[in-house]
Amino acid sequence: MQHVILCLQISLLLSSFSYSMQAQYTSIFSFGDSYTDTGNKIILYGPAAADLWINKPPFGMTFFGHPAGRLSDGRLVIDFIAQALGLPLLPPSLAKDQSFKQGANFAVAGATALKTSTTSPALYPQLAVAGGAVPPPNNISLADELGWFDAMKPALCGSPQACKDYFAKALFVVGELGWNDYGVMVVGGKSVAEAQSYVPQIIATIVAATEKLINDGATAVVVSGISPMGCAPGNLVLLASQDPADYETDTGCLKGMNELSRDHNAQLSQALTTLGGRYPGALVTYADLYGPVIAFAAAPARFGFDSVLRDCCGGGGGKYNFNLSAACGMPGVAACPNPSAYVNWDGVHLTEAAYHRVADGWLRGPYANPPILATA
């Protein structure tokens, strides 16, 4: 019996050693919006960035100790992915004097899936009259981010074949996209049904971008769904309803906005499955962002959270602590002393603690199949 156990232990050890010796990703290239942006929005703002409210404390307080280009108190999902793969945190692609050999982040806060002629470039235009410096309409869409990627290629690889060889060892992450497209429509006065009519067009745009990356040489692409938009404190305030039937009984989130999120995610997941079937040499993975966040909302204590629908950083007070005139980073607006107990950071974005749990679900399961670490 002891001999059998010893053999089993040796077998497991060798298996673990073999797994650790598998080829690892040598770089990461990511795209998306503010859930993924690590500094491009700040760079786009130029010299006036010093006055930008999203570039002020308490942003970055938990991990970096100062604002670090991320709309959170600390790291984002893409940061945790990079760290888990033993790679440096991704620099924003617009950074100067920066090496991108180990990856680049093309995501921009406020970016849309569709070109901004279809949707508005500013999610909450009311901030323009709320006081403080406001991010400009950057008119950035997924197509622009892909253009930046194409422009960077000559600095990464010298020929189409060299690029295919290089990108074959990279992990590509298409972060959340669609939140801004739908958000500006609904906050701007369109009905949820009207916004929902754009779902097929938005999904087609994201899938076409994923296919382009595969044709460029990507062999591993992780594509994120969107979070439950009805659980964002900003939406709960701006789209408030007097009808209790408009809210989910188990979470307190807005039903219509969450139905929109689920429709987007269902269509995206199915389209990615179809795409993956056409490219057997590439691994196309749908990463669930809705599942973990709705789980936080339904049973916060199970995940170590005290507050789900209330902002950690805001000056609104009340149930959600969200106010456009007192947004996080504006003068006199403070953060809660314990961000790790909160899911929501500023009304739209999540805390580092929430992003960490989402990242774990993508890296190790069950919110990505196969999990990212199983493919490294």
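These are my notebook entries on a predicted model of one protein chain.

**Overall**

I started with the whole chain. I counted 12 helices and 5 strands in the protein chain. Of its 376 residues, 55% are buried. I then looked at contacts between residues at least 6 apart in sequence, and 74% of these join residues at least 24 apart. The exposed area comes to about 15300 Å², and carbon and sulfur atoms supply 57% of that area.

**Nonpolar cores**

Next I looked up the cores. The largest nonpolar core has 97 residues, and the members that touch the most others are Ile28, Phe29, Leu171 and Phe172. Helix α8 gives the most to this core, with 8 residues. Another core lies apart from it; this one has 20 residues, including Cys312, Ala326, Cys328 and Val333.

I took Phe29 for a closer look. Leaving out residues up to four places away in sequence, I listed what Phe29 touches: Phe100, Gly103, Ala104, Phe106, Phe149, Leu156, Tyr166, Phe167, Ala170, Leu171, Phe172 and Val173. Leu171 and Phe172 from the list above thus appear again as partners of Phe29.

**Helices α4 and α8**

How do α4 and α8 lie relative to each other: roughly parallel or roughly antiparallel? Two packed helices are described by the angle between their axes and the distance between the axes, so I looked up both. Helix α4 covers residues 142-156 and helix α8 covers residues 199-215; they pack at an angle of about 10 degrees, with the axes 11 Å apart. Angles under 35 degrees count as roughly parallel, so α4 and α8 are roughly parallel to each other.

I noted the residues on both sides. From α4 come Leu142, Leu146, Phe149, Asp150 and Lys153, and from α8 come Thr205, Ile206, Ala209, Lys212 and Leu213. By class, this contact has 6 nonpolar, 1 polar and 3 charged residues. Phe149 is also among the residues touched by Phe29.

Then I looked at Ser141. Ser141 is found in the loop between β2 (103-105) and α4. Is Ser141 buried or exposed? Its relative accessible area is 2%, so Ser141 is buried. Apart from neighbours within four places in sequence, Ser141 is in contact with Thr112, Ala113, Leu114 and Lys115.

**Helix α11 and the loop before β5**

I checked how far α11 is covered. Helix α11 runs over residues 290-298, and 8 of its 9 residues are buried. The buried ones are Tyr290, Gly291, Pro292, Val293, Ile294, Ala295, Phe296 and Ala297. Their cover includes α10 and α12 (352-364).

Gly281 sits in the loop between α10 (255-278) and β5 (283-287). I found Gly281 exposed, with a relative accessible area of 63%. I also looked up its distance to Ile214: the two are 67 residues apart in sequence, and their C-alpha atoms are 9.2 Å apart in space.

**The loop between α2 and α3**

I looked at two residues here, Met61 and Pro58. Met61 lies in the loop between α2 (40-45) and α3 (77-84). With a relative accessible area of 33%, Met61 is partly exposed. Which residues does Met61 touch, not counting those up to four places away in sequence? I listed Asp73, Ala335, Cys336, Pro339 and Trp345. Ser72 is 11 residues from Met61 along the chain, and 8.6 Å separates their C-alpha atoms.

Pro58 has its place in the loop between α2 and α3 as well. The peptide bond from Pro57 to Pro58 is cis, with omega near 15 degrees.

**Other backbone entries**

I noted another cis peptide bond, between Gly365 and Pro366, where omega is about 10 degrees. Pro366 lies in the segment after α12.

I also noted positive phi values in residues other than glycine. Asp97 has phi near 50 degrees, and its place is in the loop between α3 and β2. Asn321 has phi near 55 degrees and lies in the loop between α11 and α12. Are these residues buried or exposed? Asp97 is exposed, with a relative accessible area of 85%, whereas Asn321 is buried, with a relative accessible area of 8%.

Terms used. Residues are numbered from 1 along each chain as its sequence is written. This is a predicted model: local features need pLDDT of at least 70, side-chain atom pairs count only at pLDDT 80 or more; totals for chains, interfaces and linings use all residues. Side-chain values use heavy atoms; hydrogens and water are left out. Helices (H or I, at least four residues) and strands (E, at least two) are DSSP runs, numbered from the N terminus. Buried means under 20% relative accessible area, exposed over 50%, partly exposed in between (1.4 Å probe, protein chains only). Contact means heavy atoms within 4.5 Å. Accessible areas come from the Shrake-Rupley method with a 1.4 Å probe; for residues, only the protein chains shown count as cover. Axes are lines fitted to C-alpha atoms, for helices over the stretch in contact, and angles run from 0 to 180 degrees between N-to-C directions. Angles under 35 degrees count as roughly parallel, over 145 as roughly antiparallel, 65 to 115 as roughly perpendicular and the rest as oblique. Ala, Val, Leu, Ile, Met, Phe, Trp, Tyr, Cys and Pro count as nonpolar, Asp, Glu, Lys and Arg as charged, and the others, Gly among them, as polar. A nonpolar core is a set of buried Ala, Val, Leu, Ile, Met, Phe, Trp, Tyr and Cys residues joined through side-chain atoms within 4.5 Å.
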